[in-house]
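Trainee: Could you take me through one part of this structure slowly, as you would at the bench? I would like to see how a pair of packed helices is described.

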Amino acid sequence: MADASYPDDLLYHTEHDWARLDGDTATFGVTWYAQDSLGEIVFFDPPEVGSTVTKDEPYAEVESVKAVSDVYAPLSGEIVEVNTGLGDAPEAINDDPYGEGWLVKVRLSDPSETDELMDAAAYTSSLP
Amino acid sequence: MSRYTAVTETDLKEMLAEIGVASLDELFDAQVPAGVRLGRELDLPPGLPEQDVYAHLRELAARNVSVEDELSFLGAGMYDHYVPSLIDMLMERSEFLTPYTPYQPEISQGGLQVMFEYQTAICELTALPVSNASVYEGPSAVAAAGYLAKLANGRPRFVVSAGLHPHARETLRTMAHGYGAELVEVPLRDGVTDPDAWAGAIDERTGAVFFQNPNFYGAVEDAEALAGAAKESGAVVIGSYDAITLGVLKPPGECGVDVAVGEGQPLGNRLDFGGPSFGWFAATEAYQRRMPGRIAGETRDVDGRRGFVLTLQTREQHIRREKATSNICTAQALNALGGVAYLTWLGRAGIVELGELLLARTAYARDALCALDGVEALHTQPVIREFAVRLDAPVARVLARCREQGVNPGLPLDDDGLLVAITERRTRADIDRLAETVGAAVAAEREAVGARA
């Protein structure tokens, strides 16, 4: 498992999700803190491509050996891609939460929502 | 005051005095709104001495007629198959008979191994990759399959064949009402689900489709066609099967069925006044995380030895709370043990032989009954172990005449229909006696009608 890290180029949501902006789309994932709290992840249940997600609402589930947890959307939009590689290797969420362990890509419907997210410093200081 | 209630008159007076109320009536008057009170004594007979109660219960018990006392062709979901004594021997072992559900399940390796072997048998029987450790009984397995569909796609309509057992339809309707799903019933045509009405009823709002095979009227459904018609829609295809017939029927997993369920009683459990029994539940891998109940899994311990665990527990109520796949974390483990013991006793060849025997005897019985004056087949579909006929006489009166002769010809259906079940316990001579008795009863009833006319 990777060491704790919170990259500066990401935006963070209080439910321990991150978003990486790229024009009008964003990649979502869960933070190092989230995967560490969940423990060994054994299954990712992705949403369907084409479905819509709403900021602060659950859009997918991750299952660890301890629990099944909702994953919250940090921003609103439409799912354009899901990380199918997680089907066979869900542990990538533990090993590389900001890289191979990304969850979905979303075309944003309201880019102004990014104002409500935290930067790495604010998120890190919010952690217990 | 009843000797079983530990409140004496003195106790009562002290308690009432303590809270400052003069009598029980005054307490209730003050606390329970008049609108919800009965306002009179319960309509119950007075108490009886113990000896009289015993005599009364003896009299009631003597009215029971078991399948040992008459020649019974009752079925409709529960069947009088022979239960070999080895099953009683296993089920009565105290390790299986007496424990409550283990809260540290891995301490009970034997119990988990039985569940694992049971699941393996159900998977082999259904050609589906995942089975749980059983649910309460057949109808609740159907209803649980509906809830699986609700969790999987959340669509608001269930399309249900009229050939699904009425008890299963009723249980499903009751459960579905709770989460707002509506049932659309598809009628039968010549004894099987009307294929045009079935296809027409399925749309993008359909969360699941339900059929039974063989259906309630004994007819073998075209499971592949029914499943195929639903595939495009993305609805979960749910088939309720009679496990005994899976030695000769194409298994659900090879017909495009996503979730197969059924009543477990015919597998090594006696009729026992209707229960307890068990329900079996198997699914494709796509739905394994939506399945209700417990699943035993095989694993290796730290030293590499084979062992068993309860697996995928993250779906369950004690971990997932309100988002669990079911509020039941229970298996009918003892009854399912009877099921796996029975399947093991039969073996791979035995269940095929049993199915072939039932096919032959049922065909013989159907021919024998339909050859009688005043009896015709309700449908002409292939049957395996049960069939339906229509009588040209009042069915209730025909049944009463037959039962006076010690023969119970089966379950009465609407419009003087009769559902007749065959098991290996009913010999050809028994079937000849059935035909003779029903023939005489129908003739007598038609004569009686003629005489009145």
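Mentor: Happy to! Let's look at helix α7 of chain B, residues 138–153, and helix α8 of chain B, residues 166–179, which pack with their axes 8 Å apart and at an angle of about 35°. Please keep in mind that this is a predicted model. Those two values are a good place to begin because packed helices are described by the angle and the distance between their axes. To place the pair in your viewer, note that α7(B) passes α8(B) in a right-handed crossing.

Now colour the residues that meet. From α7(B) come B:G138, B:P139, B:S140, B:V142, B:A143, B:G146, B:Y147 and B:K150. Facing them in α8(B) are B:H167, B:A168, B:T171, B:L172, B:M175, B:A176 and B:Y179. By character, this contact between α7(B) and α8(B) divides into 9 nonpolar, 5 polar and 1 charged residues.

It also helps to step back to the whole of chain B. Its domain assignment gives domain 1 (1–44), domain 2 (71–80 + 349–452) and domain 3 (85–342), and the helix pair, with α7 at 138–153 and α8 at 166–179, falls in domain 3. Between domain 1 and domain 3 of chain B, the C-alpha centres lie 47 Å apart.

Finally, chain B has a neighbour: 5 of its residues are in contact with 4 residues of chain A. On the chain A side of that contact, 3 residues are nonpolar, none is polar and 1 is charged.

Notes: Residues are numbered from 1 along each chain as its sequence is written. Chains are lettered from A and ligands numbered from 1 in the order in which they are written. This is a predicted model: local features need pLDDT of at least 70, side-chain atom pairs count only at pLDDT 80 or more; totals for chains, interfaces and linings use all residues. Two residues are in contact if their C-beta atoms, placed from the backbone, lie within 7 Å. Ala, Val, Leu, Ile, Met, Phe, Trp, Tyr, Cys and Pro count as nonpolar, Asp, Glu, Lys and Arg as charged, and the others, Gly among them, as polar. Domain bounds come from an automatic or database domain assignment. Axes are lines fitted to C-alpha atoms, for helices over the stretch in contact, and angles run from 0 to 180 degrees between N-to-C directions. Helices (H or I, at least four residues) and strands (E, at least two) are DSSP runs, numbered from the N terminus. A crossing is left-handed if the near helix is turned anticlockwise from the far one by less than a right angle, and right-handed if clockwise.
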